[in-house]
Amino acid sequence: MSLSIGTHIYERLTSSSELKRIVRDKIFPVSTLRATTFPFIIYKRNALTPNLTKDRYSIGDNVEVEIVIADCNYSRSVIIAEYVRDLIDKKTGSYKRFSVMDANLISTDEAFSEDTFIQRLVFSFETETNI
């Protein structure tokens, strides 16, 4: 169920006309799969921990997701990261198999590698099963 957290991420990120104006359709799960131009966004699930009752029934999951912004322009990479934060942090959603009950930014960092400015945001999501 919550293995599909990428659905929530993609839906939230592509809902913003401001973000689309900057990155166009360059929002990718896990990898770009091909060469692309700056700026772009990659998101991936880092961890998933089931929330179990004392009877060991799963009632949902805690999911950690990393969102990476890559750009050749530092200021623009920060602006994109701010858009991403505004679109994901504290936002919920309901989908066919699961609901996002809570979303929190838990860490950020930035780096520079091979002429690329990198902004990394890590979010924690609490989900519940809809089945």
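In the predicted model, I67 is in contact with a set of residues distant in sequence. Neighbours within four places in sequence being left aside, the contacts of I67 are I9, I41, I42, Y43, V84, I88, Q119, R120, L121 and F123. Among these partners, I41 and V84 recur in the description of the largest nonpolar core: together with L13, I67 and F125, they touch the most other members of this core, which comprises 25 residues. At least two core residues are supplied by each of helix 1 (5–14), helix 2 (17–23), strand 2 (40–52), strand 3 (58–71), helix 3, strand 5 (98–113) and strand 6 (116–129). Helix 3 provides the largest share of the core, five residues. In soluble globular proteins, nonpolar side chains tend to be buried together.

Helix 3 spans residues 74–88 and thus contains 15 residues. The distance from its first C-alpha to its last is 21 Å, close to the 21 Å expected at 1.5 Å a residue. Its buried residues are S77, I80, A81, V84, L87 and I88. Viewed down the helix axis, these buried residues fall within an arc of 125°, and they therefore line one face of helix 3. Two of them, V84 and I88, are also contacts of I67. At the start of the helix, a side-chain oxygen of N73 lies within 3.1 Å of the backbone nitrogen of S75. Helix 3 is followed by K90, for which phi is positive, near 65°.

The aromatic residues were examined next. A pair of aromatic rings is described by the distance of the centres and the angle of the planes. The structure contains five aromatic pairs. In the pair formed by F112 and F117, the ring centres are 4.7 Å apart and the planes stand at 55°; the pair is therefore classed as tilted, since this class takes in angles that are neither under 30 degrees nor over 60. Both residues of this pair are partly exposed, F112 with a relative accessible area of 48% and F117 with a relative accessible area of 23%. For F117, this value does not meet the criterion for burial, because buried residues must have under 20% relative accessible area. A further tilted pair is formed by F123 and F125, at 6.3 Å centre to centre with 40° between the planes. In contrast to F112 and F117, which are partly exposed, F123 and F125 are buried. F123 is also a contact of I67, while F125 is among the core residues that touch the most other members. Ring pairs further link Y74, F112 and F117 into a cluster.

Note on methods. Residues numbered from 1 in each chain as written. Predicted model: local features only at pLDDT ≥ 70, side-chain atom pairs only at ≥ 80, totals over all residues. Heavy atoms only, no water. Phe/Tyr/Trp six-rings, centres within 6.5 Å; stacked < 30°, edge-to-face > 60°. Buried < 20%, exposed > 50% of the residue type's maximum accessible area, 1.4 Å probe, protein only. Helix = DSSP H or I, 4+ residues; strand = E, 2+ residues; numbered from the N terminus. Expected span 1.5 Å × (residues − 1). Arc of directions from axis to C-beta. Polar contact = N/O pair within 3.5 Å; in protein donor to acceptor, adjacent residues only side chain to side chain. Core = buried A, V, L, I, M, F, W, Y, C linked by side-chain atoms within 4.5 Å. Contact = heavy atoms within 4.5 Å.
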